[in-house]
Amino acid sequence: MLRPYLFSRKLPGVLLMPSFLTDLTVLPILISAVAAIIGASLFYVTYRRLNGNPLVGIALGGVAGAIAPVLFMLPLNYCTFEAERDPADVLLGLVLIVVGLAIVLLPLRWIVSRLLQNAPLAGDTTSPGAFKSRLLPLFLLAPTLIILAMFLYYPSLETFRLSTLLARLDARRTAFICVDNFTRLLRDPGDGQSLLTLIGIAVGLMIAGVLVLRFAAHFTDQPLIGTKRRAPVALRYGVPLIIGVVLYSLLFDAASGFFSEDYGRSLLVTFGISIAIVVIGLSLSLLIATMAYQPITGAKIYRTLLIWPYAISPVVAGAIFLLLFNPSGGIINYFLRGAFGFTIPWLNDPAAAPWAIILASVWKSMGFNILFYLAGLQNVPKDLLEAGGIDGANAFQRFRHIVIPMLSPITFFLIITNMTYAFFESFGTVDTLTNGGPLNSTSTLMYEIYEIGIQNSDLGKAAAQSIILFVMVIGLTVIQFRSADSRVTYGA
Amino acid sequence: MATTLDHTRAAEKSETSLWARLIPKRWYVHLILIIACLFIGFPLFYAMLVGTQSNSDVFAYRFLPGDSLAFNWDVVMNIAGLWRYMINSVFIAIAVTVGKTLLSLLAGLAFVYFRFPGKWIVFGFVLITLMMPTEILIIALFRFVNQIGWGNTYLALIVPFLASATGSFLFRQHFANIPAELSEAAQLDGANPLQFLFRVLVPMSWNTIGALAVIQFVYMWNMYIWPALIMQGQEGQVVQVGLRTLAGGDQMTSFGPLMLGAVIASIPPIVVFLLLQKQFMSGFALTRDK
């Protein structure tokens, strides 16, 4: 486990910004200059590689790079670099600049490289039998575009804006507080945290995140037995293990040492519950599916009987399990007492309550998971299994080396779906079953946002937490979209 | 005269004993699946049972139906007013399902059967909204909807959900796979694009429409956090929030009415789901090569 307190409190001198830097007329220019150089070099390379005019590349990259930091900094008025700010504020400001650079430069580079190769920009699906009108399509799209703009784009921007404010639900006046809503989610530096630790953990989390994404990208390619595209066994099992341990220790230490007590707790709760839902849900479903995947009569009936809880709402699930888990009237404890002689205080014990949420959620999604695993198992080619048997593999080895890899796209899809469910839709179950309690032990991130924004009426803080949740989930949604394109389609 | 064939048949028949013929092949598979179905179905069946019981029955662990059904029904429907919430939920679920399908059809038509300048910008505009789940935006959306005066109205529950990137792309994909000759023929016949959409494309798209419809209906029916936020009072509230109030409170929950309410609230989405099951499965089509 990391020991943040081993690092010294402060690096002398490094963080005391020279005064000419904090002069807010010099700093923006300096930042933009550095960014312009980065952009120019990136585009120079791109243009050179694609036989474009390198000077155009330098110009375009330079301009784009210069503008990019302004994206985040201008609305903030570069406030994170003001003289009296914490190292945490400065760090966040730097992160925002880097993110701004990525948001501007990478898509632009993609567009430019497509244009240079004369490749189509959007996989154009225009039918050869297209209609002539140029105006009608805009009318057809108008309702969709207007609604998306009003109810998705505008609230997104508003959320960013609100996160920099001190705003209350009913008050009309708001106060600009820069990134305080974010940095207040970190543990107060006075408690012994040094900037080096902050940087270390931040970088560590980012690297871990990138590794996870890269590794996950492997799964969107269907593994072919025996081809070079499959990573060696050690890598395939070792990497997720290492990532898991690193992430866990970072998160654990991060939660206890990096984030504020409340936020750290809700992070742990959310990740704990989500991971448990995924692991337990998928393992159980795979188990049942493997025992029953041969084509049999009545398969359609079984399918229906297994998947219908999909239609049940999280609130209904919470209500039903509210009864089942009741300490005195619930039959789960009745059964436990009768069969094993003890009961569990499901809803009153902070250690047991998350398990109530987990079990209720696993119940609801189990049929869904079983269904997909059944379909996936039925698609494992029999001759592969036979070949494995001939080569001397026993059933367990065949399962591990043939079946599980062939199921990985489905596993992947189910992980994403279940995690999305755990992050967002479990709100209904939490609100019904435990109300976020006892002692906030089931207060997921979504629930915290609701409590803080609506019940405590602190809009700015809730907006800031929404953005952090968004950043966490953005990886999930991007992966989900990319895999939906190639493998599984579904609408929502 | 007994032939070899007759002997063989007779031999086969005696080998297959009565037992083997009655039990289906792979009976253990059926057993496991039946157990799984029972486990999954048990909570709802128990809820149905408790819906007929009073709290004293519940705490006595009676596994037979009680006789409080009428009383529980009264509590659920009249005192808690669930019937009103059900009607509200039906209304908004149908409104959004129909509206979203319509708007997505129009968008799919526009993306596939037209060329216009800046098409890729529009495409990107819609694409990016895939990264904006409503839950993330809920604080700002709440503030905005109140600011335009739609607080506590059906509009707030319906309009924000009428536009969908996934729906638009679903139909775009679907329409792109339809042969071009159809639209060329339609144009020769003098049909305008909307006629083409409703007379030719839609009849070819019932599976996709059904898939989208069932997912949307269930999504809207089960939606909890947004209606809880935006609707005040009892008039326009949806069934999930109404059910939640049955569960809440400081006094001991009356489980009978709560379970009855939960069962009743689950009937419409389950029915819709069962009816459109085939479409739902095709919507989740796993494109695997054999």
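The following questions and answers go through contacts, rings and charges in a predicted two-chain model.

Visitor: What conventions apply to this model?

Guide: Residues are numbered from 1 along each chain as its sequence is written, and chains are lettered from A and ligands numbered from 1 in the order in which they are written. Side-chain values use heavy atoms, with hydrogens and water left out, and because this is a predicted model, local features need pLDDT of at least 70, side-chain atom pairs count only at pLDDT 80 or more, and totals for chains, interfaces and linings use all residues.

Visitor: How many residues does each chain bring to the contact?

Guide: Contact means heavy atoms within 4.5 Å. On that basis, the numbers are 114 residues from chain A and 109 residues from chain B.

Visitor: What area is buried between chain A and chain B?

Guide: The size of an interface is often given as the accessible area lost when the parts come together. Here that loss is taken with a 1.4 Å probe and summed over both parts. Carbon and sulfur atoms give 74% of the area buried between chain A and chain B, which is about 10,600 Å².

Visitor: Which element gives the most to the side of chain A that touches chain B?

Guide: Helices are DSSP runs (H or I, at least four residues), strands are runs of E with at least two, and both are numbered from the N terminus. Across the interface of chain A and chain B there are 9 residue pairs in polar contact, both residues at pLDDT 80 or more. A polar contact is a pair of N or O atoms within 3.5 Å; within protein, one must be able to donate a hydrogen and the other to accept it, and residues adjacent in sequence count only if both atoms are side-chain atoms. With 22 residues, the element that gives the most to the side of chain A touching chain B is H5(A).

Visitor: How many salt bridges are there between chain A and chain B?

Guide: A salt bridge is a side-chain nitrogen of Lys or Arg within 4 Å of a carboxyl oxygen of Asp or Glu. B:Arg244 meets A:Asp431 at 3.3 Å, N to O, and B:Arg143 meets A:Glu158 at 3.6 Å. Over all chains the count is 6 salt bridges, and between chain A and chain B it is 2.

Visitor: Why does the pair of B:Arg143 and A:Glu158 join two chains, and is each residue buried or exposed?

Guide: B:Arg143 lies in helix H8 (residues 134-147) of chain B and A:Glu158 in helix H5 of chain A, so the pair joins two chains. Buried means under 20% relative accessible area, exposed over 50%, and partly exposed in between (1.4 Å probe, protein chains only). Both B:Arg143 and A:Glu158 are buried.

Visitor: Which residue forms a salt bridge with B:Glu235?

Guide: B:Glu235 is in the loop between helix H14 (225-230) and helix H15 (239-247) of chain B, and its partner is in helix H6 (residues 82-113), 151 residues apart. B:Glu235 is exposed, with a relative accessible area of 57%. The closest N and O atoms are 3.7 Å apart, and the partner is B:Arg84.

Visitor: Over which ring does the charged end of B:Arg84 sit?

Guide: A charge sits over a ring if NZ of Lys or CZ of Arg is within 6 Å of the ring centre and within 35 degrees of the ring normal. B:Arg84 is partly exposed, at 25% relative accessible area. Its charged end is 5.9 Å from the centre of the ring of B:Trp83.

Visitor: How many aromatic pairs are there over all chains?

Guide: Rings of Phe, Tyr and Trp (its six-membered ring) pair if their centres lie within 6.5 Å; planes under 30 degrees apart count as stacked, over 60 as edge-to-face and the rest as tilted. The count over all chains is 30.

Visitor: Which aromatic partner does A:Tyr153 have in chain B?

Guide: A:Tyr153 lies in helix H5 (residues 136-163) of chain A, and the partner in helix H7 (residues 119-128) of chain B. A:Tyr153 is buried at 17% relative accessibility. The pair is stacked, with 4.3 Å centre to centre and 15° between the planes, and the partner is B:Phe125.

Visitor: What is phi of A:Cys178?

Guide: Most residues other than glycine have a negative phi, and most peptide bonds are trans. A:Cys178 is in the loop between strand E2 (175-176) and helix H6 (180-183) of chain A, and is buried at 1% relative accessible area. It is not a glycine, yet its phi is positive, at about 55°.

Definitions and conventions
Buried area is the accessible area (1.4 Å probe) that two parts lose on being put together, summed over both.
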